[in-house]
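Reader: Thanks for sharing this one. Could you walk me through its packing, a piece at a time?

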Amino acid sequence: MTAGTTLSRVPTTAEHELAALQREHGRPLFALLLRLCDGDRQRAEDLVQETLVRAWQHPEALRADAFDSVRPWLLTVARRLAIDARRARQARPPEVGDAVLENARVIADHAERSAATLDVREAVKTLTPRHREVLVLVYFQGASVAEAAATLGIPPGTVKSRAYYALRALRRVLPGYAADLR
């Protein structure tokens with residue numbers, strides 16, 4: 001064969017029959033599948049092609065003398081394909097695009113929280129005992145200022161000032177956590 005020659009293929013009888021099926025029944029198939037696919041044209045077109053492939057694979061159904069038209073058979077096959085496609089989509093989790101992942105909120109995992117807890121524990125050890133006991137009572141045990149004052153036997157104003165200075169000292173020791181200590 002030379003570079004300028006091309007092979008022309010002669011369509012087979014089955015291909016002629018398939019083209020005729022497409023011309024005669026393609027629009028009603030597409031209309032049905034478009035409704036069954038909730039208006040998704042691409043999916044409906046794919047299912048029309050799959051229906052015609054099934055017809056091509058089962059020529060005995062198309063030539064049966066039991067019915068006048070093949071359209072009911074084609075519509076039944078198309079309907080069943082649409083149902084199978086819908087079930088297949090529902091059986092697997094929905095696909096997530098990259099944009100969804102980029103905009104997803106990042107949640108700190110257990111390891112990060114544990115590391116932060118260790119950092120705070122070490123920083124609390126650097127406080128004076130008087131500041132530490134107020135901080136533990138008010139922030140870690142959830143006591144009110146009045147309850148902490150009664151427990152420690154000091155005025156509420158002293159509890160407030162010690163808590164303020166304790167947090168200020170922690171901000172210096174834990175600069176990366178400064179926003180959390182306000």
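Reader: Which residues touch the most other members of the largest nonpolar core?

Author: Happy to start there, keeping in mind that this is a predicted model. The largest nonpolar core holds 17 residues. Those that touch the most other members are Leu21, Leu29, Leu33, Leu47, Val48 and Leu74.

Reader: And which elements give two or more residues to this core?

Author: Good follow-up, and the answer is a short list of helices. Two or more core residues come from each of α1 (13-36), α2 (41-57) and α4 (71-91).

Reader: How many residues are in the other core, which lies apart from it?

Author: Among its members are Ala123, Val124, Leu135 and Ala169. This core lies apart from the largest one, and its residue count is nine.

Reader: Is Ala143 buried or exposed?

Author: Ala143 sits in the loop between α7 (129-140) and α8 (145-152). Leaving out residues up to four places away in sequence, Ala143 touches Leu137, Val138 and Ala148. Its relative accessible area is 17%, and the cut-off for buried is under 20%, so Ala143 counts as buried.

Reader: What is the geometry of the aromatic pair formed by Tyr164 and Tyr165?

Author: Searching the whole structure turns up one aromatic pair. The ring centres of Tyr164 and Tyr165 are 5.1 Å apart, with the planes at 80 degrees. Planes over 60 degrees apart meet the cut-off, so this pair is edge-to-face.

Reader: What is the relative accessible area of Tyr165?

Author: Its ring partner Tyr164 is partly exposed, at 46% relative accessibility. Tyr165 is also partly exposed, and its relative accessible area is 42%.

How values were computed:
Residues are numbered from 1 along each chain as its sequence is written. This is a predicted model: local features need pLDDT of at least 70, side-chain atom pairs count only at pLDDT 80 or more; totals for chains, interfaces and linings use all residues. Side-chain values use heavy atoms; hydrogens and water are left out. Helices (H or I, at least four residues) and strands (E, at least two) are DSSP runs, numbered from the N terminus. Buried means under 20% relative accessible area, exposed over 50%, partly exposed in between (1.4 Å probe, protein chains only). Contact means heavy atoms within 4.5 Å. Rings of Phe, Tyr and Trp (its six-membered ring) pair if their centres lie within 6.5 Å; planes under 30 degrees apart count as stacked, over 60 as edge-to-face and the rest as tilted. A nonpolar core is a set of buried Ala, Val, Leu, Ile, Met, Phe, Trp, Tyr and Cys residues joined through side-chain atoms within 4.5 Å.
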